[in-house]
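The exercises below go with the model shown next. Work through each task before reading its solution.

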Amino acid sequence: MKNRAGFTLLELLLAILCAAVVAVAALSLLHVGIRMGGDTLAHMAERQQVQAALTRIETLARDGTIQSVASDGADWALCDASGTPLFSYESARGTLCTASDAVLLSGLTYATAALDAGSGLLTVTLEAGGTRFESSVLIRVHDPAV
């Protein structure tokens with residue numbers, strides 16, 4: 001009788017092949033997870049920037065700094081009582097800029113601003129990365145008699 005204490009070459013090759021298949025599957029799952037995590041982080045950062053911009057607009061509208069909306073086609077600006085733009089949207093560039101032309105948001109695919117003169121309700125809509133954000137706030141109207 002022969003002593004069969006070890007494995008044959010064929011058995012070793014099959015074991016290595018099975019281990020390689022499992023390792024490739026595990027690495028591809030890891031790669032997908034890392035890529036999805038990166039996409040999620042980028043989306044969250046974009047969302048935070050849009051939310052921060054809307055919060056700034058809401059604050060300025062509530063305290064009465066923003067008083068009007070000036071529009072020229074798809075472009076618009078949020079203005080103070082003297083008509084000076086505080087924020088402006090340029091549709092060709094897809095950017096929302098501050099009064100000093102600093103870019104607050106870029107990569108916007110859609111943006112609108114509307115002010116209902118009767119109620120004083122300012123509605124701003126921004127779309128970035130396929131997600132639409134909308135904020136409505138009542139503007140504190142300055143009484144010129146005061």
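**Exercise 1.** Which residues of α1 are buried?

The model is predicted: local features need pLDDT of at least 70, side-chain atom pairs count only at pLDDT 80 or more, and totals for chains, interfaces and linings use all residues. Residues are numbered from 1 along each chain as its sequence is written, and side-chain values use heavy atoms, without hydrogens and water.

Step 1. Helices (H or I, at least four residues) and strands (E, at least two) are DSSP runs, numbered from the N terminus. Helix α1 has 54 residues and reaches 79 Å from its first C-alpha to its last.

Step 2. Buried means under 20% relative accessible area, exposed over 50%, partly exposed in between (1.4 Å probe, protein chains only). In α1 the buried residues are V50, A53, L54, I57, E58 and A61.

Step 3. Contact means heavy atoms within 4.5 Å. The cover over these α1 residues includes β2, β3, β4, β5, β7 and β8.

**Exercise 2.** Place S135 and list what it touches.

Step 1. S135 lies in strand β8, residues 131-138.

Step 2. S135 counts as buried because its relative accessibility is 9%.

Step 3. Leaving out residues up to four places away in sequence, S135 touches L54, E58, L122, T123 and V124.

Step 4. The side chains of S135 and E58 share a polar contact of 2.3 Å. Such a contact is a pair of N or O atoms within 3.5 Å; within protein, one must be able to donate a hydrogen and the other to accept it, and residues adjacent in sequence count only if both atoms are side-chain atoms.

How values were computed. The expected span of a helix is 1.5 Å times one less than its number of residues.
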